[in-house]
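Here are some notes for a colleague who is opening this structure for the first time. Please keep the sequence and the model side by side while reading them.

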Amino acid sequence: MQNKYVGIGLGFVAGYVDTVGFISLFGLFTAHVTGNFVLIGSELAHPSHGVLIKLLAFPAFVSAVVLTYLVVSWLRNRERKVLVPILILQIVFLMAFMLFGSLAEPIQNANQLLALYAGSAGAAAMGIQNAANRLILSEIAPTTVMTGNVTQLVIDLMATVKDKNSAIGQRMGKFLWPVVAFGVGAISGGFACVQWQFWSLLIPMSVLSFIAACWNGE
């Protein structure tokens with residue numbers, strides 16, 4: 001499978017999972033985890049019941065990055081394929097996100113134990129994807145946080161208009177398609193979550209499974 005299509009698939013997954021977490025768990029960002037700092041600040045200024053789940057998302061995310069680094073290093077030292085086991089690990093955490101969330105329904109309070117488990121599992125799953133993007137798929141654009149991609153797209157667009165540089169125009173596709181896929185994933189995740197709640201996470205798990213089945217690289 002070409003890296004372009006992997007980037008599209010992972011962008012879709014990130015947008016989808018981020019939206020499911022936001023809708024289901026009181027505004028929790030699982031992919032754009034630093035966005036939770038803004039929400040934490042807001043909720044501390046105007047106390048509510050959603051601070052703890054956002055605080056726990058950060059150590060879960062960081063721990064998943066550490067775990068991914070260790071697993072990738074272990075696999076490379078043994079000259080084994082790297083991406084497929086990491087995708088399977090991400091699927092496992094997404095499954096935990098789905099199961100904990102489903103068991104917690106109806107979630108009346110973000111401090112419910114199973115809701116906290118669900119949020120942490122979701123953040124961990126996206127931490128794995130963030131780390132994989134850096135450690136294994138560094139040649140593709142980031143697939144979880146789109147601000148930098150949009151900025152680069154605008155810069156490249158202006159440079160192309162000014163200089164008619166075909167190389168820059170070709171590079172735009174590297175950043176464009178993950179942004180589009182993230183947006184499509186976010187919209188799809190919103191509609192699916194309303195219909196199927198946490199069971200809607202079966203869709204991004206299926207996308208990751210398809211990528212793993214078709215992957216022929218490292």
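1. A word on naming comes before the rest: helices are DSSP runs of at least four residues, numbered from the N terminus. With that in mind, Pro106 can be placed in the loop between α4 and α5. The model is a predicted one, and residues are numbered from 1 along each chain.

2. What joins Glu105 and Pro106? The link between Glu105 and Pro106 is a cis peptide bond, with omega at about -5°, and the loop in which Pro106 is found is the one between α4 and α5.

3. The helices on either side of that loop deserve a careful look. Two packed helices are described by the angle between their axes and the distance between the axes. For helix α4, which covers residues 83-104, and helix α5, which covers residues 113-135, the angle is about 160° and the axes are 8 Å apart. Angles over 145 degrees count as roughly antiparallel, and α4 and α5 are therefore roughly antiparallel to each other. The crossing in which α4 passes α5 is left-handed.

4. Which residues make the contact between these helices? From α4 the contributors include Ile86, Leu89, Phe93, Phe97 and Phe100, while α5 brings, among others, Leu114, Tyr117, Ala121, Met126 and Ile128. Sorted by character, the residues of the contact of α4 with α5 comprise 19 nonpolar and four polar ones, with no charged residue.

5. The count of aromatic pairs in the model comes to four. One of them is formed by Phe12 and Tyr16, a tilted pair with 5.7 Å from centre to centre and 45° between the planes. Both residues of this pair lie in helix α1 (residues 3-24), four residues apart, which is about one turn of the helix. Are Phe12 and Tyr16 buried or exposed? Phe12 counts as buried because its relative accessibility is 17%, and Tyr16 counts as buried at 1%.

6. A further aromatic pair links distant parts of the chain, with Phe97 in helix α4 and Phe198 in the loop between α7 (166-196) and α8 (202-214), 101 residues apart. The ring centres of Phe97 and Phe198 are 5.8 Å apart and their planes stand at 70°, so the pair is edge-to-face. Phe97 and Phe198 are both buried. Phe97 has already appeared above, being among the α4 residues that make the contact with α5.

7. Two backbone positions should be checked by eye. Phe26, in the loop between α1 and α2 (35-45), has a phi near 60°, a positive value in a residue other than glycine. Phe26 is partly exposed, with a relative accessible area of 27%. Gln197 likewise is not a glycine, and its phi is positive at about 50°; Gln197 lies in the loop between α7 and α8. With a relative accessibility of 33%, Gln197 counts as partly exposed.

8. A last point concerns Ile211, whose place is in helix α8. Why does Ile211 count as buried? The cut-off for buried is under 20% relative accessible area, and Ile211 counts as buried because its relative accessibility is 2%. For a sense of distance, Ile211 and Gly183 are 28 residues apart in sequence, and their C-alpha atoms are 19 Å apart in space.

Conventions: Predicted model: local features only at pLDDT ≥ 70, side-chain atom pairs only at ≥ 80, totals over all residues. Heavy atoms only, no water. Axes fitted to C-alpha atoms, helices over the stretch in contact; angles between N-to-C directions. Parallel < 35°, antiparallel > 145°, perpendicular 65-115°, else oblique. Left-handed = near helix turned anticlockwise from the far one by under 90°. Contact = heavy atoms within 4.5 Å. Nonpolar A, V, L, I, M, F, W, Y, C, P; charged D, E, K, R; others polar. Phe/Tyr/Trp six-rings, centres within 6.5 Å; stacked < 30°, edge-to-face > 60°. Buried < 20%, exposed > 50% of the residue type's maximum accessible area, 1.4 Å probe, protein only.
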